[in-house]
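Subject: Structure for your files

Hello,

Please find the structure below, with the sequence. My notes on what was found in it follow.

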Amino acid sequence: MYHSQKIGVFISHIFGTYQQGVCQGIIDSALEYGYTAEIFTSLDGENLGAYEIGEESILHIPNYDSFDGIIFASDTYISSDLKQKILNKLKTLTCPIVEIAMANNSFPAVTLENSSAFEDLTTHFLTVHHASRVCYLGSSEETYVSELRENYYRKALQKQGRVPDEKDIYHCAYNVAAVNEALTFFCEAGTPEAVVCYNDRLALLFFSAALAAGYRIPEDIAITGCDDTPEGHNTSPMFTTVSFPVYELGVTAVENLLTLIRGNDLPFTTLLPAKSIIHNSCGCSSSENANSVFLIQDLSSRIETLEGSVFGSVHMSAALQHVTDLDQGIDLLEQFVPKIENCREFYICLYSDWDSVSNHILALTNNEETTADTDTILLKLALKNGKRLPECSYRKKNLLPDYIYDDSDCAYIYTPLFFEDKEFGYIALAYKDNRIGYHFRLVHWQININQMLQNIRETKRTGMLVARLEDIYMKDSLTGLYNKHGYHHFEGALLNHALSENLPITVFLIDMDGLKTINDSYGHSEGDFAIRVLGQALESTANEGDLSARFSEDEFYMLTVGLSEKDARLRKEAIESYLDNYNRLSGKEYHISCSCGFCSVLPTPDFTPEHIQELFAVADQNMYEEKRKHRATSAHFSDTHSATPHRMP
């Protein structure tokens with residue numbers, strides 16, 4: 001059963017070993033005390049360019065009112081900007097907050113103190129192995145912690161009445177050339193008896209450089225590392241190193257948070273000390289024997305997993321690359337979810353306005369978009385225990401629908417979906433037995449899904465722009481009817497319909513009466529207005545499928561299918577009746593009228609668009625007959641056309 005008591009967790013780069021260990025400790029400890037952990041993770045600082053602008057959308061996912069307390073792993077954030085924005089948000093909350101941080105914490109913090117062990121390692125060399133010269137190899141890429149560990153190294157020397165020589169301390173990057181320079185630097189003052197390395201990674205590089213230079217480890221140079229990595233554990237000799245009790249860090253963070261929730265006091269900083277682990281690389285004899293076969297098996301497995309991850313991500317990217325329909329994309333994504341090891345539940349949750357376009361595009365395309373209900377979320381893809389659940393909408397008070405929570409005992413991990421500064425929603429996933437297995441390839445997944453959603457959104461935007469361009473090209477801007485281009489584009493389809501259904505074709509040619517008089521007497525804006533009214537008369541009296549177009553200033557064409565002779569006369573009368581009704585109600589000083597001619601025929605199989613032009617020529621003559629009648633009965637209207645009949649352009 002899903003616990004109503006919740007602990008929120010903010011942590012970055014959850015695919016890291018440290019982060020997963022911390023989260024696992026939080027999840028297990030929270031469940032033990034009757035709480036559920038909801039973990040919010042991001043990818044800040046991965047040098048993703050403009051893409052990472054949207055990382056702060058992680059702040060908009062949680063329902064902060066639902067948390068009894070929050071754990072903030074502030075040291076996992078590479079981006080100081082994102083870290084500060086999360087910190088600013090957390091400072092506005094009233095619930096208890098515990099921070100996991102090395103220093104400069106803003107809330108009561110749990111600190112993994114794994115630097116003081118460097119004093120123990122240095123002292124070990126000086127007192128147990130009686131080393132006369134111990135050097136320190138630090139990291140130039142992680143300067144804060146590296147300098148902290150250097151200080152403990154210096155402290156150990158000081159306690160033994162020693163000070164480091166100028167050739168005893170060196171900071172370098174994680175590459176072979178830099179570590180070779182470090183070895184050369186140390187050896188300028190003679191071969192050091194021992195080197196305390198910043199971590200196992202740097203120790204492995206120094207180990208290789210020393211072996212390549214002909215030194216034996218530990219007989220000529222003894223070394224130590226830190227972090228107790230699998231690589232260091234499987235070297236020969238096995239690394240003397242420092243433990244990294246990250247699981248206990250998560251457990252302690254939960255216990256401290258519960259202390260605050262219960263209203264009890266807590267020290268501002270709780271230290272969780274690391275311990276040195278003595279193996280062989282320092283010169284001691286260890287009962288544990290490193291066997292390289294285990295490392296080889298582990299590396300082979302990791303390489304195989306990495307290759308599978310790369311090819312899987314490429315396959316996924318290729319499959320989603322041309323998706324322009326959301327339902328199609330979701331169906332494709334469903335096929336990939338089973339590839340997530342140990343995944344029990346997987347959800348894609350979209351905000352109601354995820355595919356909205358900018359106001360600028362709406363203005364350009366003469367569109368209006370309904371204001372989205374920002375409190376509604378669409379559960380677009382829901383997979384639980386291998387089964388796909390129906391889509392649904394729900395309110396944001398919970399991050400997943402109530403029916404999912406009702407029978408769940410899972411801790412959920414949430415990652416944001418976005419493209420640059422556009423927020424789409426989030427992914428929620430849970431693992432079997434709450435054993436986290438968040439692999440780095442899920443970062444590729446997230447980027448692929450974001451790109452797919454952006455492509456769909458771009459397709460919508462492009463479609464609106466293309467439709468607008470088509471309108472500009474094929475429609476008359478004054479009346480909204482088709483222009484010459486639009487008419488010719490659709491003429492063939494109507495002709496084919498008439499031929500296939502054996503229906504009559506009727507063409508109408510409509511010409512406004514007295515437009516010049518209106519322009520001269522009342523201005524061209526009134527003339528434009530009169531043209532729009534005539535266009536509305538044609539549009540309001542047309543049947544679905546009729547083709548109405550404005551070909552010139554006051555000249556309109558209409559092509560219809562299926563009208564009888566009687567229907568055609570009724571259509572003409574309907575247009576005239578529309579204008580008469582308008583004139584009675586408008587209050588304008590001028591009347592709007594038109595002359596209309598039409599011609600009908602039942603097309604034969606060899607009928608072509610050229611024959612339609614001949615019909616318009618007959619309709620043109622009929623229209624002029626009517627215009628002459630109008631002149632005879634309406635002397636106040638002046639003729640704006642020459643006596644020469646119009647011809648189809």
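A residue is called buried here when its relative accessible area is under 20%. The model is a predicted one, and the burial values are computed from it.

By that cut-off, seven of the seven residues of strand E1 (residues 6-12) are buried, so the strand is largely enclosed by the rest of the structure. The burial holds for both faces: Lys6, Gly8, Phe10 and Ser12 point one way from E1 and are buried, and Ile7, Val9 and Ile11, which point the other way, are buried too.

E1 has two strand partners to report. With strand E2 (residues 36-42), E1 runs parallel and is joined by seven bridges. Within that pairing, Ile7 has Ala37 of E2 as its bridge partner. With strand E3 (residues 69-72), E1 pairs over four bridges, also in the parallel sense. There, Phe10 is set opposite Phe72 of E3.

Helix H1 (residues 17-32) belongs to the same part of the description: together with E1 and E2, H1 makes a β-α-β unit, and this unit is right-handed.

A separate item concerns Thr259, which is placed in helix H8 (residues 246-261). A polar atom of the Thr259 side chain lies 3.0 Å from the backbone oxygen of Glu255. Which residues does Thr259 contact, leaving aside its neighbours within four places in sequence? They are Asn264, Asp265 and Leu266.

Regards

Conventions: Residues numbered from 1 in each chain as written. Predicted model: local features only at pLDDT ≥ 70, side-chain atom pairs only at ≥ 80, totals over all residues. Heavy atoms only, no water. Polar contact = N/O pair within 3.5 Å; in protein donor to acceptor, adjacent residues only side chain to side chain. Contact = heavy atoms within 4.5 Å. Buried < 20%, exposed > 50% of the residue type's maximum accessible area, 1.4 Å probe, protein only. Pairing = 2+ DSSP bridges. Right-handed = clockwise from strand over helix to strand, strands pointing away.
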